[in-house]
Amino acid sequence: MANTSAVYARIDTNLKESAENILKQLGISPSSAIQMLYSQIVLTKGMPLDFHLPVRKTVMIGGMDHAELDNELMKGIDFLRCGRTYSVEEVDAELAREYGI
């Protein structure tokens, strides 16, 4: 038998159940998943996860279907109705801040 050690951790019950449900569907035991995580930590000499805030997806009209385009246009109409408008200078400043253009 291999030389093994126990790992104990306290985690949220719902998180544990949700994760174990996914692992079960993948045919992976919780112990195997932890073994895989630890192996990747050793191989990468760090956490094998990408920790960063997601980049906001730019809305591109060409990639939208009819319903998505209607939804975006309705947002604009709602902004107008609420008096939420921006000057050209404000839009330029926001584009520069958000996208560097």
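1. A polar contact of 3.1 Å links the side chains of R97 and E98. The side chain of R97 also meets that of E94 in a polar contact of 2.7 Å. This is a predicted model, and the contacts should be read with that in mind.

2. R97 belongs to helix α4. With a relative accessible area of 58%, R97 counts as exposed, because the cut-off for that class is over 50%. As for its place in the chain, R97 is 60 residues from L37 along the sequence, and the C-alpha atoms of the two are 38 Å apart.

3. Helix α4 covers residues 88-99, twelve residues in total. From first C-alpha to last, α4 reaches 16 Å, close to the 16 Å expected at 1.5 Å a residue. Just after α4 comes G100, with a positive phi of about 70°.

4. Helix α3 can be checked in the same manner. It has 16 residues, 66-81, and at 1.5 Å a residue these should span 22 Å; the C-alpha atoms at its ends are 22 Å apart, so the expected and computed values agree.

5. What caps the N-terminal end of α3? The residue is D65, which places a side-chain oxygen 3.1 Å from the backbone nitrogen of A67. On the other side, α3 is followed by G83, where phi is positive, near 75°.

6. K45 deserves a look on its own. It sits in the loop between α2 (30-44) and α3. Its phi is near 55°, a positive value in a residue other than glycine. K45 is exposed, since its relative accessible area of 76% is over 50%.

7. Turning to the whole chain, the protein has four helices and zero strands, in the order α-α-α-α along the sequence. The radius of gyration is 24 Å, well over the 13 Å that the globule rule gives for 101 residues, so the protein is more spread out than a compact globule. Along the principal axes, the C-alpha atoms fill a box of roughly 70 × 30 × 30 Å.

8. How much of the protein is buried? Buried residues account for 2% of the 101 residues. The exposed surface of the protein comes to about 9,600 Å², and carbon and sulfur atoms supply 60% of that area.

9. On charge, the protein carries 10 positive and 14 negative side chains. The centres of these two sets are 10 Å apart.

Note on methods
Residues numbered from 1 in each chain as written. Predicted model: local features only at pLDDT ≥ 70, side-chain atom pairs only at ≥ 80, totals over all residues. Heavy atoms only, no water. Helix = DSSP H or I, 4+ residues; strand = E, 2+ residues; numbered from the N terminus. Expected span 1.5 Å × (residues − 1). Polar contact = N/O pair within 3.5 Å; in protein donor to acceptor, adjacent residues only side chain to side chain. Rg over C-alpha atoms; globule rule 2.2 N^0.38 Å. Buried < 20%, exposed > 50% of the residue type's maximum accessible area, 1.4 Å probe, protein only. Areas by Shrake-Rupley, 256 points an atom, 1.4 Å probe, with all protein chains shown as cover. Lys, Arg positive; Asp, Glu negative; His and termini not counted. Charge placed at Lys NZ, Arg CZ, Asp CG, Glu CD.
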